Every structure is written in C-alpha cells, then in structure tokens.
Amino acid sequence: ASVVNVTSAPGADGTLRILLNDGTRYTATAPLTVDLTTSGLGGLDTGSEASSTWYNIFAVPSGTAGEFDVVASTALTSVGPTGYDSWRHIGWIRNDSSSNILKFYHATADYFAYDVAQTSISGVSGDSSRADLDISGQVPPGTALAQMQAYAADGHINVFMEGGTSGTALGVWLGPGQTGWDWTSAPVPIIDEKVEWSASQTPTDGYIKVAGWYDAELRGATEARAQTTPTRDNVPVLEYSSASVVNVAAAPGAGSGLAVTLSNGTRYAATAPLTVDMTASGLGGLDTGSEASSTWYYVYAVPSATQGVFDVVASVSDPDTGPTGYSAFSYLGPIYNDSSSDLVKMHHYGDYLAYNTPPSIGSTAGPVTRTSLDLSAYCPATAGLLRVMLRSDYNTAPGGSKLYANGATNITVFTNAESGASPRNVSAEMPVLGSPRGFDWEIDSGVNGNLYFQGFTDKYLTAKR
C-alpha cells in the first residue's frame with residue numbers, strides 16, 4: 001500500500017539504463033523501490049506522505065558515480081524533485097484517501113491501467129445538460145488521453161473532449177424499447193484533467209469511470225525530464241491560435257525553453273511560443289508560395305538568423321522532402337487549412353492530434369457495397385492511424401456498418417442497429433493505407449451509417465520520439 005517497484009520492462013535484463021537531464025547515462029540494478037513512508041533516496045524528496053495525492057516518480061543520481069536511484073515528489077517534471085539538480089520522469093502514482101497506493105499496471109511505454117477502474121461520477125439519474133467533469137483525481141497532471149468507461153441504465157450518457165462537439169462523444173445510448181445496462185470504453189483526449197459529460201432519455205442509473213491513462217510525457221509530448229535548461233530535445237507541440245495562426249508551444253508540464261535537433265545533427269533552442277502565420281512568408285510563415293485552401297501544411301523547425309536559435313515555417317512538402325529553402329529542419333506536426341482557408345482547430349499530444357470538431361461523413365443510407373473512402377482531407381500524408389467513431393442507425397431493417405482496412409479480407413470494425421433500438425456507436429483506430437489515403441466501408445440495406453473522424457496518430461512523430 002506504500003511501496004512501488006521500479007523495475008525492468010518484460011523481456012529486458014535486470015540492468016536499468018537511463019539518461020538524465022545532465023546529459024549523463026546512469027545505470028541501476030532492478031528492482032528499485034519507492035516507499036512513501038520514508039524520506040530521501042527510495043522515498044519522498046521532501047515532506048511526509050499525503051493522502052489523495054499524485055506522486056511523480058523520478059530517477060536521480062544516487063551519489064555513487066554513474067548510478068541512479070529513485071524518489072517520489074509532488075512536483076511537476078518541469079520543476080523536478082527538491083534537492084536534485086538532475087532527474088528524469090518515470091511515471092505517476094496515486095495515493096488514495098486512505099494513503100494507499102492505487103494498484104496499477106504499467107502496460108505499455110506510456111499507458112497505465114488501473115487494477116480497478118476509478119469512478120469519476122456515479123448514481124446518474126435523470127437528464128443532465130452538458131457540464132465539466134473534473135477527473136484530476138483519476139488522471140495525473142499533463143495526461144494526454146484517458147481510457148474512459150461509460151455505463152447507462154435505460155437512457156443515454158455521453159462523455160466529450162473538453163470543448164469538443166458531438167462527434168467526440170463516447171456514448172452509451174439505451175433509448176425507448178430497450179432496458180437494462182449497457183456500457184462502452186474508448187480513449188478520450190484530456191484537457192486540463194477535465195472532460196465533459198451529459199445524460200438524456202432519463203437514465204435510471206449510470207456512471208463514468210477511468211480505466212487508465214496515457215502519460216503525455218512518456219508518450220513523447222515532452223522528454224520526461226527537466227525542461228528549464230535542456231540538454232536533450234524539448235520538442236514543442238502545435239496549438240491553434242486563430243483561423244490563420246498556429247502557435248508552436250511548450251508541451252503540458254514543460255518549461256518555455258524549447259530544444260530541437262535538426263537534420264544536420266545540431267541542437268537549436270528557442271523560447272516558446274513561436275508562431276506560424278499562414279498569410280506571411282519566410283520565418284514564421286510559409287516557406288514558399290501563398291496560402292491555399294483545402295490543403296495540409298507541415299510545420300518545421302529551421303535555423304533562424306541567430307546562431308543556435310531555431311524558428312518555424314509551414315510547407316506543403318512532407319517530411320520526406322522538407323521545407324523549400326532549408327537544408328536543415330525538424331518536423332513538428334501537421335495543420336489543415338479548410339475550404340475557407342481557415343485553420344482547423346486540433347489538440348496536439350505527442351504523436352496524436354485530436355480534432356476539436358470532428359469532420360464526418362454524414363448519414364448515408366444503405367445498401368452501400370464495399371467502397372474505398374478517400375480520407376486525404378481528414379488525415380495528412382504523415383498519418384499512420386485514424387481514430388474514428390462508426391455509427392449505425394436503424395432505418396427499415398436491422399443490419400450494420402462495417403469498416404475494412406485497405407486490402408483486408410476481414411472486417412476491422414463493425415457496429416449493429418436493431419429495430420426499436422437507439423443508434424449504436426463504436427470508436428476504433430483504423431490503419432490509413434494506400435493512395436489515396438483511406439480505408440473501405442460497407443453499409444447493410446435498411447441501415448444508415450455515419451463516420452466521424454476524431455483524430456490521428458502521426459507516424460513521423462512516433463518515430464522521432
């Protein structure tokens with residue numbers, strides 16, 4: 001209840017290796033332990049154990065040359081643990097209201113799953129208009145995505161990305177003609193440790209839970225270490241500012257000191273935020289040409305006129321080519337200019353970009369035989385996976401909507417609609433293959449299909465992190 005082990009990943013040997021922010025590689029023999037009832041190495045950096053608190057686990061120098069140990073701290077990674085000049089973030093743990101560490105599984109490099117899903121709201125009864133839901137007790141600071149679960153009895157419960165529209169809903173819908181319980185689960189983008197929720201069709205009971213979280217720092221949104229005087233890259237993220245301007249900003253939990261290694265092997269620095277204006281040319285604007293509508297642009301860090309300092313440009317050229325006029329560059333992410341030459345608002349988390357207002361293919365009546373969808377307007381050339389929500393509405397006969405990966409024989413995603421039932425939804429990640437970029441869909445006779453595009457994983461950003 002008070003101890004967590006820091007150990008090797010499955011399949012790895014017992015020697016732990018880590019690079020701290022002083023630029024030095026350290027080792028240790030697994031497992032190390034953190035005990036929240038003790039102080040110093042292997043315990044808390046300062047103070048005493050507190051209940052209902054998130055603790056940040058850091059690797060720090062042990063005092064023996066070339067070796068590291070671990071401490072727990074309430075400090076953000078950008079601040080670092082008290083009493084240590086160098087460190088690296090390893091993960092977060094939660095001490096509950098009884099000062100017991102909540103049991104979890106560090107399932108992948110960036111995903112932490114609860115042993116028992118944690119309840120954010122329960123006892124939902126009757127309708128409720130859309131409202132904020134603070135989940136800071138269930139996800140740590142700087143969380144990129146949370147695996148949410150929604151349960152409903154005899155009605156509708158929806159979970160939305162903060163500020164997002166209906167296409168971002170994780171919905172459990174049980175309308176007239178259906179009774180009993182239903183539930184669904186999907187990753188939902190998290191902004192400031194909040195989501196939004198609503199209830200309709202008079203549910204008699206319901207609740208929303210968090211099954212786990214994706215650590216933004218381990219996902220690649222930051223370098224999981226001190227950011228104030230970076231000795232390794234502190235890669236920025238893209239933030240929507242206006243219809244023609246995007247900010248190149250520090251990631252959540254990071255300081256304003258950015259550092260990026262360009263393709264010439266040299267590290268450059270800058271102070272966030274920088275901006276790209278689609279109506280401007282050169283540094284802080286387009287690399288060449290003028291603003292175009294219905295176009296994907298790719299944002300790059302490039303050398304500025306000041307030695308050792310980088311600036312940013314946008315280009316229609318993808319990362320395999322790079323921006324015109326620059327021999328050294330580093331790809332930072334994509335942006336989309338819509339048919340009105342307005343930038344589409346997206347939220348950037350490491351290698352994942354989520355739409356604030358998901359574009360969609362509206363209600364389409366079946367039958368639709370298997371058809372290839374050109375999705376190049378919804379995902380850039382750098383996309384590897386497209387997160388979608390597929391919806392089926394009963395029209396005249398029961399049936400379903402299906403998605404197939406390009407060239408696949410078997411169905412990848414399926415959702416069914418029955419007579420008298422409310423629409424059914426499922427969220428999934430679809431591989432984006434072929435040219436044009438996309439996948440196939442099929443709709444049964446008597447059913448209407450809808451397809452929302454919630455966001456995408458950028459394979460170039462995954463590779464560089």
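What pLDDT does the chain average, where pLDDT is the predictor's confidence in each residue, from 0 to 100? The average is 86, and 90% of the residues score at least 70. The model is predicted; local features need pLDDT of at least 70, side-chain atom pairs count only at pLDDT 80 or more, and totals for chains, interfaces and linings use all residues. Residues are numbered from 1 along each chain as its sequence is written, and side-chain values use heavy atoms, with hydrogens and water left out.

Confidence varies along the chain. Among its elements, strand 13 (residues 170-173) has the lowest mean pLDDT, 62. Strand 23 (residues 310-315) has the highest, 98. Strands are DSSP runs (E, at least two residues), numbered from the N terminus. Over residues 221-231, pLDDT stays under 50. For this stretch the model has 46 contacts (heavy atoms within 4.5 Å) beyond four places in sequence.

One open sheet holds 3 strands in the order 6-5-7, with antiparallel pairing. Two strands pair if DSSP finds at least two bridges between them. Strand 6 (68-73) and strand 7 (88-95) stand at the edges; each has a single partner strand, so one side of each lacks a neighbour in the sheet. Neighbouring strands here are turned by 25° against each other on average, direction ignored. Strand 5 (residues 53-61) is joined to strand 6 by 6 bridges. Ile57 has Ala72 in strand 6 as its bridge partner.

A further antiparallel pair links strand 22 (residues 295-303) to strand 24 over 7 bridges. Tyr297 stands opposite Ile335 in strand 24. In strand 24 (residues 330-337), 8 of the 8 residues are buried (under 20% relative accessible area, 1.4 Å probe, protein chains only), so this strand is largely enclosed by the rest of the structure.

Notes
Helices (H or I, at least four residues) and strands (E, at least two) are DSSP runs, numbered from the N terminus. Axes are lines fitted to C-alpha atoms, for helices over the stretch in contact, and angles run from 0 to 180 degrees between N-to-C directions. Buried means under 20% relative accessible area, exposed over 50%, partly exposed in between (1.4 Å probe, protein chains only).
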